[in-house]
Amino acid sequence: MIISVASGKGGTGKTLVATSLALSLKDRDRVQLLDCDVEEPNDHIFLKPLITGSEAVYIPIPEINEKKCTYCGKCAEACVYHAIAVFAQHVLVFPNLCHGCGACSYLCPQKAITEVGREIGIVEWGHSDGIEFAHGKLNVGEAMPTPVIRRAKAKANRDEIVIIDVSPGTSCPVVESIKDSDFCLLVTEPTPFGLNDLILAVETVKELGVSCGVVINRAGVGDSKVEEYCLREGIPVLLTIPLDTEIAWLNSRGITLVEGMPQWKESFTELFDQIREIMNARSGCLKR
Amino acid sequence: MQEVVVLSGKGGTGKTSIVGSFAALAKSKVLVDCDVDAATLHLLLQPATREKHEFWSGQVAVINEEKCTQCGLCQEHCRFAAIKDFKVDAISCEGCGFCSRICSAEAIAMKENMAGQWFISDTRYGSLVHARLGIAQENSGKMVALVRQQARQMAEKDGADYIISDGPPGIGCPVISSLSGVNVALLVTEPTLSGIHDLERVLGVCHHFGVPALVCINKYDINEVNTRQIEKFCLGQGVEVAARIPFDNTVTKAMVEGLPVVEYSRNGVSHAIEALWELVSKSLTI
């Protein structure tokens, strides 16, 4: 079962929820935590995993054999990303623009193009206190996180409980992280910014056909419009975490909520049980 | 004309609240929201839309079922696993067009993709260029480039002194697109271990692209040990800490009222942001 933890707005507490949920379930189930916020992964700060393995993530980029090349220009014509420019006696490749689709090498009539790997990030894995852990890290200066997310997600084992920490926003990295999830938890805060981005996130998960529920963090900070929205839209609010200086203090020091305040563990196991109930009810509906 | 972009790496550190206040403080400027997939600056600036445009970007493959012979070549070659059972998953399709070029039955067409909308709006603080990327769309980097280009044209036309840009979180494509060629990046961080980690990475991106950076520590009093660690780190990197802003719930209250915090209340937060803008604008005139 894959549960992704997303938000739309950044800084609402995705990492807090993902790490505490994983820690709360590890004594009764096998749990994997995959940090797919590959631009700014933070789960390792909280879980301090022992890293036991890693692999670099490459995307294939073209390498031109100018001995074979006739400068016909078919590769440049085929590349919609403008990653290849062909001049009278020279070919230029712009690796940062290449998506690695492979069209140029396949279509080159002279077979003058081979693909070589360009490293754009890394996936590391290991374990922390009984939790299987993996995260992806995009190299600084690189633009494309999705190939790194794909590699990190390849570590998912659906037979276990897989918790995926997602980056903020609603565009390609978020979609790549959430798709194929069984459920998506949307963490928000009760403020106008939180609501605005929650609505976008709900639209995104609907587009992907993934059921969702909401966690309201820092309850008491703003207004009641997030709750009103969830009620109106029939989106279950599965957990509410109050605005609390002790929680903020723990979070600032990289201590998970359930470690710093163990009384919260029950709330997170209940959160999971509610998700399972929703999933069971849903599959019951589908069967009927 | 000088351009400042406000970035953070980590989301939710206060970029938009600070940009909203800069909007109220700066005299002659064009505002631009580069967080195109989760834009919120408009919630503080209450814009009236002057112009609305469609943003067409990229393509998506479409298979003509009548022509398709189900040979499977497209599925075999698609690197993005976007074709399953001879149907295109538009969300996974990256629009490379490889499938369309190799289809022997000429059954695959590439269709232009409407990736969102962008707007030029009037606010009581001046013009705002902003956008809304379509749900689950790609090309956020191109859209950022577009809104920045529009803001630049407008600033040139109006003779504005500054472009003030609210950036996206992270370090990937839209961040790089919002950063290239700006005069200074203001990096807003918070004194949490996550905030520090993410600051280091986004500062790395600034260095990578040769953009000078200033740092602002928001909610600095949440953990003053961490605040000192950030200051030490910045000193080591030769980056100036331009402001320390205290935690204060009036920032959220101002947001609920739809106002920049400097207009909502006079307190430690508003004083710190005023001093910050003074420093940022000074760094831009040098």
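I will go through the fold of chain A, from its domains to its sheet and then to the core, and I should say at the outset that this is a predicted model.

Let me begin with the division of the chain, where domain 1 of chain A comprises 2-46 together with 122-287, while domain 2 covers 66-111. The C-alpha centres of domain 1 and domain 2 of chain A lie 41 Å apart.

Turning to the sheet, chain A has nine strands that form an open sheet with mixed pairing, and their order is E3-E6-E7-E2-E8-E1-E9-E10-E11. At the edges stand strand E3, residues 50-64, and strand E11, residues 237-242, and because each has a single partner strand, one side of each is left without a neighbour in the sheet. Direction ignored, neighbouring strands of this sheet are turned against each other by 20 degrees on average.

Within that order, strand E6 (residues 113-128) and strand E7 (residues 131-138) of chain A pair in the antiparallel sense, over eight bridges, and A:His127 is found opposite A:Glu132 of E7(A).

What lies across these strands? Helix H1 of chain A, residues 14-25, lies across E1, E2, E7, E8, E9 and E10, and runs at about 165 degrees to E8(A).

That brings me to the core, since the largest nonpolar core has 177 residues, and those with the most contacts inside it include A:Val5, A:Ile163 and A:Leu186 as well as B:Met143 and B:Cys216. If we take A:Ile163 and leave aside its neighbours within four places in sequence, its contacts include A:Ile3, A:Val5 and A:Leu33, and also A:Ala18, A:Leu21 and A:Ala22.

Methods: Residues are numbered from 1 along each chain as its sequence is written. Chains are lettered from A and ligands numbered from 1 in the order in which they are written. This is a predicted model: local features need pLDDT of at least 70, side-chain atom pairs count only at pLDDT 80 or more; totals for chains, interfaces and linings use all residues. Two strands pair if DSSP finds at least two bridges between them. Helices (H or I, at least four residues) and strands (E, at least two) are DSSP runs, numbered from the N terminus. Axes are lines fitted to C-alpha atoms, for helices over the stretch in contact, and angles run from 0 to 180 degrees between N-to-C directions. Two residues are in contact if their C-beta atoms, placed from the backbone, lie within 7 Å. A nonpolar core is a set of buried Ala, Val, Leu, Ile, Met, Phe, Trp, Tyr and Cys residues joined through C-beta atoms within 7 Å. A residue is buried if 20 or more other C-beta atoms lie within 10 Å of its own, exposed if 12 or fewer, and partly exposed in between; C-beta atoms are placed from the backbone. Domain bounds come from an automatic or database domain assignment.
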